[in-house]
Amino acid sequence: MDAVRLILTSRRALAGGADAAEMMAEVWQAQALAQAIGSRLAVSGPPELRGEALGLTELAGRGCGVLDPPELDPGDLRAAQLTRLDDARETLLCLGGLLGEVGMALVGMASAAADETTYWQCMEAIDAADESRDRVLEMLRKLAAREEVLPGDIQDSPSGV
C-alpha cells in the first residue's frame, strides 16, 4: 500500500482513538510507520535525503521502543503494509502532519496519565515524535533546495534539456 494512504489511515485512527490504550496503540503504529518510511527513503530515496532518512528510522524506532507494543495481529501493522512510496515530498508532508498530531495526542495523554510510568513513556515518545518531525522537515527543506537547483540547471544547459 502507498505510504500516503497508510499515513492518512493512521491520522484517522489517531483522531478516532477512544481511550488511552487505543491512543497509545495508534501512536506506536504511527512511529512504526515513520520508521518504515525512513528506512525506505534511506535505501531507495533521493540521495540527498538518505542520511536524514536513516536518522528518522532511528528516532522513530526509539519512539516505538519507549512505548509498550500493542497487541496487534500481523495484518494490522500498518508499517508492514508499506509497499510503495510514490512521491517523497507528498509522503514527507503527510508524515510531518501525522507526527505533529502524535505529539499533540501524547501531550494530552501525559496530562491525563494516572501513573508516573505512563507519564514518562509519553514524555519520551513526545521527544521522539518531535525529533522525528524535525528530520522530516529537514528532508523537505533538502527537497525544496534540490527543486530550486534543478530548473536552473536545465535552463543553463546548452541544449535546454
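**Notes on a predicted helical model**

1. Cys94 is a good place to begin: Cys94 is buried, with a relative accessible area of 14%. Here buried means under 20% relative accessible area, exposed means over 50%, and partly exposed covers what lies in between (1.4 Å probe, protein chains only). This is a predicted model, in which local features need pLDDT of at least 70 and side-chain atom pairs count only at pLDDT 80 or more, while totals for chains, interfaces and linings use all residues. Residues are numbered from 1 along each chain as its sequence is written, and side-chain values use heavy atoms, with hydrogens and water left out.

2. How many disulfides are there? The count comes to 0, where a disulfide is a pair of cysteine sulfur atoms within 2.5 Å. Why is Cys94 not bonded to another cysteine? Its closest cysteine sulfur belongs to Cys64 and lies 19 Å away, so the gap is too far for a bond. The story is similar for Cys122, because its sulfur is 14 Å from the closest one, again in Cys64, which is too far for a bond. Cys122 counts as buried, at 0% relative accessibility.

3. Now for the overall layout. The protein has 5 helices and 0 strands, both taken as DSSP runs numbered from the N terminus (helices: H or I, at least four residues; strands: E, at least two). Reading from the N terminus, the elements run α-α-α-α-α. The C-alpha trace spans about 65 × 30 × 25 Å along its principal axes. Of the 161 residues in the protein, 42% are buried.

4. Contacts in this model often join parts that are far apart in sequence. Taking contact as heavy atoms within 4.5 Å, residues 24 or more positions apart make up 82% of the contacts with a separation of 6 or more.

5. Gln31 is a residue to click on in your viewer. Gln31 sits in helix 2 and counts as buried because its relative accessible area is 0%. What does Gln31 touch, once residues up to four places away in sequence are set aside? Its partners are Ala60, Gly63, Cys64, Leu99, Ala125, Ala128, Ala129 and Ser132. Cys64 thus turns up again here, as a neighbour of Gln31.

6. Pro47 offers a contrast. It is placed in the loop between helix 2 and helix 3, and a relative accessible area of 61% makes Pro47 exposed. Ala125, one of the contacts of Gln31, is a handy reference point: Pro47 and Ala125 are separated by 78 residues in sequence, and their C-alpha atoms are 28 Å apart in space.

7. Next, the charged side chains. There are 8 salt bridges, each being a side-chain nitrogen of Lys or Arg within 4 Å of a carboxyl oxygen of Asp or Glu. One of them joins Glu26 and Arg78, with 2.8 Å from N to O. That pair connects distant parts of the chain, 52 residues apart: Glu26 belongs to helix 2 (residues 20-44), whereas Arg78 belongs to the loop between helix 3 (50-65) and helix 4 (88-112).

8. Is Glu26 buried or exposed? Glu26 is buried, with a relative accessible area of 13%, and Arg78 is buried too. Apart from neighbours within four places in sequence, Glu26 is in contact with Ser10, Ala13, Leu14 and Arg78. Its salt-bridge partner therefore also appears in that contact list.

9. A further salt bridge pairs Arg84 with Asp86, at 3.2 Å from N to O. Its two residues fall into separate exposure classes: Arg84 is partly exposed, with a relative accessible area of 41%, and Asp86 is exposed, at 54%.

10. Helix 5 (residues 116-156) holds both members of another pair, Arg141 and Glu138. Their closest N and O atoms are 3.1 Å apart in the salt bridge, and the two residues are 3 positions apart, about one turn of the helix. Glu138 is partly exposed, because its relative accessible area is 26%.

11. One last item for your list: which residues are linked in a network of salt bridges? They are Glu52, Arg135 and Lys142.
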